[in-house]
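User: Hi! I have a few quick questions about this protein before I head back to the bench. Could you take a look with me?
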Amino acid sequence: MNPKKGLAFVVTGPDIVERDRVLLGGKHGAAWWYAWSPTPPMTAEQSNGALFVPMLWSDNEHLWDILIANYPSTYDGPILFLNEPNHPDQADILPVDAAKAFHRLRLLFPLAQIVAPACWDRSTQDTVTEQWSLDSAHWLLEWREAYYRLYQTYPDVFAYALHYYNDGLQPATACRRFYEWVQKYDQRLGIKVILTEWRLCNEMWDRVANYDLAAHFRHQVREMEAFDWLWGWAYFANAEYPDDPYVSNADCHIALKDKDGLTPLGLVYVSL
């Protein structure tokens, strides 16, 4: 099993189908996965033993209750904290309130490997040619500084999370540039980066005629996995947005909702 290979994955039907079992765990599936939730939507046996990573998606008290009820205070595994908090249709939380929430989470789970909030925005992200997203960087810096003002120390995170879309072609470059940005503000030894969402998107197809997608996919994964500071990467697996010109191309998916089997890209995924 490839220890860095992960999935951002929502089980869409009432039953766990064989396709889902192939994508998770075992010899060729994901070593770790998450479902934007505190608890998994399937059993460990159904997921072939792949590590489920809980997420506190937002500061919603119901999510807190689920997390606290299902994990002991001695839990020492990873926890993803907040999904795109700078987005009005996602976690949507001010940096100062997120700082207070992180402090609460750290007190509840002092041994946990808590991951910093994963920010993203389409309009300004330019990880490949210039710098990491200005809007996302501004939110994360405000969060760190707000935490410092409140608690006279910076948040003790295990890793920093990155979402990478745009064309989706250069995740390794995006991760490297994000890590370089992180090091400007957090010089602790051993700090990690996790690519918690990555997706090949529609914008690439107009620019890469006759492109060998499978070879490129493999190359990018090899390049990412050579980074010793990269804890893992998760491909955004099976959500479909047929009306979204950004991610509606079926070639971007590794599995399609309500369809058996894997796509050509999915077959590449399980071969990695």
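User: Let's start with E180: is it buried, partly exposed or exposed?
Analyst: Happy to help! Bear in mind that this is a predicted model. E180 counts as partly exposed, with a relative accessibility of 36%.

User: And which side chain does E180 meet in a salt bridge?
Analyst: That would be R176, with an N to O distance of 3.3 Å. Both residues sit in helix α5, 4 residues apart, which is about one turn of the helix.

User: How accessible is R176?
Analyst: R176 has a relative accessibility of 31%, so it counts as partly exposed.

User: How many salt bridges turn up in the whole structure?
Analyst: The search finds 5. One of them joins the side chains of D186 and R144, at 4.0 Å from N to O. That pair links distant parts of the chain, 42 residues apart. D186 is in the loop between α5 (171-185) and β8, while R144 belongs to helix α4 (residues 134-151).

User: Are D186 and R144 buried or exposed?
Analyst: D186 is buried, at 5% relative accessibility. R144 is buried too, with a relative accessible area of 6%.

User: Which other arginine side chain meets D186 in a salt bridge?
Analyst: R188 does, and there the N to O distance is 2.8 Å. R188 is partly exposed, with a relative accessible area of 35%. Through shared partners, salt bridges tie R144, D156, D186 and R188 into one network.

User: Nice. Switching topic: where is T196?
Analyst: T196 is in strand β8, which covers residues 192-198.

User: Is T196 buried or exposed?
Analyst: Buried: its relative accessible area is 2%, and the cut-off for calling a residue buried is under 20%.

User: What does the T196 side chain make a polar contact with?
Analyst: The side chain of H163, at 3.2 Å.

User: Which residues is T196 in contact with, leaving aside its neighbours within four places in sequence?
Analyst: Here's the list: A8, Y34, L80, A118, A161, L162, H163 and A234. So H163, the polar partner of the T196 side chain, appears among those contacts as well, and T196 itself is buried.

User: Great, can you recap the salt bridges we covered?
Analyst: Sure! We looked at E180 with R176, D186 with R144, and D186 with R188. The two that involve D186 belong to the network that also includes D156.

Definitions and conventions: Residues are numbered from 1 along each chain as its sequence is written. This is a predicted model: local features need pLDDT of at least 70, side-chain atom pairs count only at pLDDT 80 or more; totals for chains, interfaces and linings use all residues. Side-chain values use heavy atoms; hydrogens and water are left out. Helices (H or I, at least four residues) and strands (E, at least two) are DSSP runs, numbered from the N terminus. Buried means under 20% relative accessible area, exposed over 50%, partly exposed in between (1.4 Å probe, protein chains only). A polar contact is a pair of N or O atoms within 3.5 Å; within protein, one must be able to donate a hydrogen and the other to accept it, and residues adjacent in sequence count only if both atoms are side-chain atoms. Contact means heavy atoms within 4.5 Å.
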